[in-house]
Every structure is written in structure tokens, then in C-alpha cells.
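Here's a short set of exercises to work through with the model open beside you. Try each task before you read its solution.

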Amino acid sequence: MQEFLTIQVRYHADIPPLEKLPQGDWIDLRAAETVDMKAGEYRLIPLGVSMKLPTGYEAHLVPRSSTFKKWGVIQANSMGVIDESYCGDGDIWHFSALAMRDTRIEQGDRICQFRLVKKMPDVSLETVEILTAPDRGGIGSTGEK
């Protein structure tokens, strides 16, 4: 039986409500305001939502597959991680954008997406002199084909 979770969402902008579409595992997020960016400019684009994630989960936030093609922006920090403690009314989610060309993102445009991921369990880190596993051969060890 699949686990069913509830995410509490507070809206801070006039954007359509979030929805989980049946054909994907990710939930789209929208720009909460119209943003004009010049090539090379960095902006935190507000997404107009704060959320209370389920206990034991974090959100991974990445661009949609069409974001670069449509607007020429990349996510400056590669992937955003929002943990469950970032859950207050003032903890508004943002998309960390770097413009590669002059662009305009309109309020309500779907620019990124997120999914829930279980948090890493508690671990201990042990210092050793030798790892007893065989070497794979270093970076690029799976070959070129």
C-alpha cells in the first residue's frame, strides 16, 4: 500500500493552487511575480508559497525541463533542498535563477518543480586507515561507451 502524505500550503501571491498531476512525480511551482532579468543577472524568484512538509521529509526543488529553453535561466545552486524545519508563514519558497540571456518570466509561469524525499537517517562517520572494498578505477571508470 502506497503511503499518502499531506502538505500544508500557504499562498502569498495570486497564483493557481498547486496540484499533483497523475502523470508525474513532481509538483510544479510558479513565479509569484513578473521578473525581468538581464543576461548574467542572478535573482531569487519568489514562488508565492510557504509549506509545512510532513515529518521526516524534505523537498528537492529543480527547474522544469522546459525552463532553460523558454526563459534561458538555470538554477544557480543546481538543486534546492528545503527541509521540514523551513515551515513558517514567512518561510517563502524561492527559485535561485541565473539568466543566460535577457528574459521575462511572467507571474504564474511554471518555472520549477519539487518532490518529497525522505530525510537521510542518522548516521555515524567512522575514520579508517583502509577501505576494504575494491577500487572501481576512479572518475570515468565506466568507460566512454
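**Exercise 1. Find the largest pocket and describe its lining.**

Keep in mind that this is a predicted model.

Step 1: start with the size. The volume of the largest pocket comes to about 630 Å³.

Step 2: list who's around it. There are 18 lining residues, and Leu5, Ile7, Lys20, Ile27 and Leu116 sit nearest the centre.

Step 3: see which element gives the largest share. That's E11, with four residues of the lining.

Step 4: sort the lining by character. You should get ten nonpolar, two polar and six charged residues.

**Exercise 2. Do the same for the second largest pocket.**

Step 1: the space in the second largest pocket is about 210 Å³.

Step 2: its lining has 14 residues, with Glu19, Leu21, Trp26, Asp28 and Arg110 nearest the centre.

Step 3: look at the strands. Strand E2 (27-30) and E11 each put at least two residues into this lining.

Step 4: by character, the lining of the second largest pocket splits into five nonpolar, three polar and six charged residues.

**Exercise 3. How many salt bridges does the structure hold, and which parts of the chain do Asp89 and Arg10 link?**

Step 1: the count is eight.

Step 2: take Asp89 and Arg10, whose side chains form a salt bridge at 3.8 Å, N to O. With a cut-off of within 4 Å, that pair makes the list.

Step 3: place the partners. Asp89 is in the loop between strand E8 (80-82) and strand E9 (94-99), while Arg10 is in strand E1 (residues 8-11), so you're looking at distant parts of the chain, 79 residues apart.Step 4: check the cover on Arg10. At a relative accessible area of 39%, Arg10 is partly exposed.

**Exercise 4. Trace two further salt bridges and one network.**

Step 1: Arg104 and Asp36 pair up, with their closest N and O atoms 2.9 Å apart. Arg104 belongs to strand E10 (residues 103-105) and Asp36 to strand E3 (residues 35-37), so this bridge ties together parts 68 residues apart in sequence.

Step 2: compare their exposure. Arg104 has a relative accessible area of 44% and is partly exposed; Asp36, also at 44%, is partly exposed too.

Step 3: move on to Glu84 and Lys119, a salt bridge whose closest N and O atoms are 3.0 Å apart. Glu84 is in the loop between E8 and E9, and Lys119 is in the segment after strand E11 (110-118), so parts 35 residues apart in sequence are tied together. Lys119 counts as partly exposed, at 38% relative accessibility.

Step 4: look for shared partners among the salt bridges. Asp28, Arg64 and Arg110 are joined into one network that way.

**Exercise 5. Which residues form a nonpolar patch on the surface?**

Step 1: pick out Phe68, Ile74 and Met100, which make up the patch and together have about 280 Å² of accessible area.

Step 2: zoom in on Phe68. You'll find Phe68 in helix H1 (residues 67-71), partly exposed with a relative accessible area of 43%.

Step 3: test Phe68 against the patch cut-off. Patch residues need over 30% relative accessible area, and Phe68 has 43%.

**Exercise 6. What is notable about the phi of Ser78, and is Ser78 buried or exposed?**

Step 1: recall the background. Most residues other than glycine have a negative phi.

Step 2: read off the angle. Ser78 isn't a glycine, yet its phi is positive, about 65°.

Step 3: locate Ser78. It's in the loop between strand E7 (73-75) and E8.

Step 4: settle the exposure. Ser78 is exposed, because its relative accessible area is 60% and the cut-off for exposed is over 50%.

How values were computed. Residues numbered from 1 in each chain as written. Predicted model: local features only at pLDDT ≥ 70, side-chain atom pairs only at ≥ 80, totals over all residues. Heavy atoms only, no water. Buried < 20%, exposed > 50% of the residue type's maximum accessible area, 1.4 Å probe, protein only. Patch = residues over 30% accessible without salt bridge, like charges linked within 9 Å, V, L, I, M, F, W, Y side chains within 5 Å. Areas by Shrake-Rupley, 256 points an atom, 1.4 Å probe, with all protein chains shown as cover. 1 Å grid on protein atoms, 1.4 Å probe; cavity = no way out; pocket = protein on both sides within 12 Å on 5 of 7 lines; lining within 4 Å. Points joined across faces, edges and corners; volume = space filled by probe spheres on them. Nonpolar A, V, L, I, M, F, W, Y, C, P; charged D, E, K, R; others polar.
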